[in-house]
Every structure is written in C-alpha cells, then in structure tokens.
Amino acid sequence: GGPGFRGTVFKLALGGGGGTVPPVAPAVNAIVGGASFKAGGPIASGGWVAIFGTNLAPVGDSRPWNPSTEIVNGKLPTSLDGTSVTINGKPAAVAFISPGQVNIQAPDDSAAGPVQVVVTTAAGGAGAPFTANYAQFAPGLFPANGSYIAAQHADGSYVGGYAGAAAPKPGEVIILWGSSFGPAS
C-alpha cells in the first residue's frame, strides 16, 4: 500500500506516551502475623505484620527503617521511600520495604473482624484493598532455628536453636520474643 505502492511507515508508541510504561499499583496477596507467619490467621492491634505481594516498593528498593533518622521523638515512620500502609483507614508504622514484602506494626484499633489493608506507593498509588482478620490479641512467639522459640538469657546470649546456645538453668529468668499481645504505645 501507500502512495505509488511504495509501502507505509508506521510508528508505535508503547503505553500511549513516548514508550514509557505506566506505573503499576501495589498488589497484596497475603498478610501474616509477624511471629506466627500463619496465612489467614488474625493480625492484632500493635502486632508485627508481614505483607506479601507485588510492586509494594520501588524496584531494587529493599531496606529497613533507619532508627537514627526515621524514628523521630519516639515516633515510628509511617512511610519509607513513598511506601505506606493503612489498616482500617489508620496508618501503620512501616519497618521494612521491598518490592515483594512490607513489614509493619499494626495501628492500635478496637476493631475486630474483617478490615481493609491498603498499600500505597509513590509511583503506583493505592493498591486494591486486601481483607484481613483483625483482633485485639493474637499472641505468638517468634521462632528460632529448629523446634526452638526465640529466647535469650539475661546477658543477651541465646537459649537454644543457635550455635553456642546454652540451656537455661532451673529458676533462671529468660527473655521470650513475641508479638501481638495487644495494643502498644
């Protein structure tokens, strides 16, 4: 085709604007309590929570909060590099971000039952709400290696599950690591 049957030249622009690809909204596919890591289990007010999905942070961005610059006057950050999370409309403290996982501390809330969790990024905006089961209490102990829970002696050394760990002595006070015992300040 074309004039004189010499052909026609076409130009195709991807994404509708000069070859750029539009930003993609974050998508959540699982939310678990930080200690139990039980899919579908409840998350609790003040508890640590892991969110899994896609486009949860900028590509190549994977980091925890910086305690010397991002925890200000005892307040935990509610956004890292433009990634933020709300649960039941309330901002959560954001502790870690990566494109596939975000770790947060759930906000204090008296809600119980299904709540909406929304991840928002600077580039992709707010993702579709993900429904999670919210509870006032959902206690769990953090695991260590093997069949041990995370525990330490008073001096900070590990009780079990790690190389060089020593068993506790009768009557010794040990520190157990857990989450989701109720509202936090």
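## A guided tour from strand β6 to a surface patch

Begin by selecting I87, which is buried, with a relative accessible area of 1%. The model in the viewer is a predicted one, and every value quoted on this tour was computed from it. I87 belongs to strand β6, which covers residues 83-87.

Next, display the surroundings of I87. Leaving aside residues up to four places away in sequence, I87 touches I43, I104, A106, P107, D109, V115, Q116, V117 and Y134. Then add A132 to the selection: 45 residues separate I87 and A132 along the chain, and their C-alpha atoms are 8.8 Å apart.

Now zoom out to the whole protein. How many helices and strands does the protein have? There are 0 helices and 16 strands. Among contacts with a separation of 6 or more, 55% are between residues 24 or more positions apart. Of the 185 residues, 34% count as buried.

Switch to a surface representation. The accessible surface of the protein comes to about 10600 Å², and carbon and sulfur atoms account for 61% of that area.

For the last stop, select F181, in the segment after β16 (178-179). Is F181 buried or exposed? F181 is exposed, because its relative accessible area of 53% is over the 50% cut-off. Extend the selection to L141, I149, I174 and L176: together with F181, these residues form a nonpolar patch on the surface. The combined accessible area of the patch is about 420 Å².

To close, show I87 and F181 together: I87 is buried, whereas F181 is exposed.

How values were computed:
Residues numbered from 1 in each chain as written. Predicted model: local features only at pLDDT ≥ 70, side-chain atom pairs only at ≥ 80, totals over all residues. Heavy atoms only, no water. Patch = residues over 30% accessible without salt bridge, like charges linked within 9 Å, V, L, I, M, F, W, Y side chains within 5 Å. Areas by Shrake-Rupley, 256 points an atom, 1.4 Å probe, with all protein chains shown as cover. Salt bridge = Lys/Arg side-chain N within 4 Å of Asp/Glu carboxyl O. Helix = DSSP H or I, 4+ residues; strand = E, 2+ residues; numbered from the N terminus. Buried < 20%, exposed > 50% of the residue type's maximum accessible area, 1.4 Å probe, protein only. Contact = heavy atoms within 4.5 Å.
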